[in-house]
Every structure is written in structure tokens, then in C-alpha cells.
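User: Could you take a close look at the disulfide in this structure and at the strands around it? I am in my first year, so please go through it step by step.

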Amino acid sequence: MKYIFFLFALLSLVTAQASELRIDAYKAAFHVGKSVMACGTLKQVTIAPQQVYLNLDKPYPNQTLTILIWHNDYSKFTQHFGSLNKYVNKKLCARGTIKEYKNTLQINVSNTQFLRVMK
């Protein structure tokens, strides 16, 4: 019985990940409040005192979506990816909930597993 429950739980997890909505960053406005995998071209990395902004498709203030990494999480990303500036003009995908903040759209990412560099 334990094995059947484990198999069912594993199948549910795989099905949930397979059905995850994947969008282009420029479509983020249509998915505010939803958890998605959003992909776009990294155009700008801005390191501020408290956070790091990865602006997709266009530089600030015209970005279609911002990936926000809080400064206390940033070292995990540099350990995993190295300098994020080397990915400018590369396609990035971030998994998270799209939120609106001061007329911009953003996904807050605190785990390196939720940021992907696409080839």
C-alpha cells in the first residue's frame, strides 16, 4: 500500500510539472498572480544595494519582465552560474509567480533551480 501511495504522489508531481504554464516574458501581463515559467532574453543586470534585477527583452525602464533576486540570495546564484552579466543577450527562464510592483512585472527567484539559462 505504501508503494501505491508513493507512486501516486510521484505521478502527481510529474503531472503538475508537465502542465506548468510556459510563457514568453512579453506575455507576463496576461498572467499576473499565476505561477509560470517565463522566458526572455536577458538585456540588463543591475545590482542595487538590496536586490539584483535581471531585465528581460529590453533594458529598464522598458523591460517586459524583471527577475528579482534579493541580495542575501545572490551569492547562491553567482556560485552556481558565475557572473550573471555573461548571460546578457542569452535566453533565460525563471519559474515563479508574476507580481506587479510599481507598474513593472517581476518574478522573485530565491532558488537557483528556478532560473535556467537556455542554449
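**The disulfide and its strands**

Analyst: At 1% relative accessibility, C93 counts as buried, because buried means under 20% relative accessible area. In this predicted model, C93 is joined to C39 by a disulfide, with an S to S distance of 1.9 Å, and the structure holds one such link. The link of C39 and C93 is right-handed, with 110 degrees about the S-S bond. C39 belongs to strand β2 (residues 35–47) and C93 to strand β5 (residues 91–101), so the disulfide ties together parts that are 54 residues apart in sequence. As for its surroundings, C39 also counts as buried, at 3% relative accessibility. In general terms, a disulfide is a covalent bond between the sulfur atoms of two cysteines.

The two strands that carry these cysteines are also paired with each other, since β2 and β5 run antiparallel and are joined by seven bridges. Within this pairing, M37 has R95 of β5 as its bridge partner.

Strand β5 has further partners. With strand β7 (residues 115–117) β5 pairs in the antiparallel sense over three bridges, and here L92 stands opposite V117 in β7. With strand β6 (residues 104–108) β5 is joined by four bridges, again running antiparallel, and E100 stands opposite L105 in β6. Between β5 and β6 lies a hairpin with two residues between the strands, where K102 takes a positive phi near 50 degrees.

Note on methods: Residues are numbered from 1 along each chain as its sequence is written. This is a predicted model: local features need pLDDT of at least 70, side-chain atom pairs count only at pLDDT 80 or more; totals for chains, interfaces and linings use all residues. Side-chain values use heavy atoms; hydrogens and water are left out. A disulfide is a pair of cysteine sulfur atoms within 2.5 Å. Buried means under 20% relative accessible area, exposed over 50%, partly exposed in between (1.4 Å probe, protein chains only). Two strands pair if DSSP finds at least two bridges between them.
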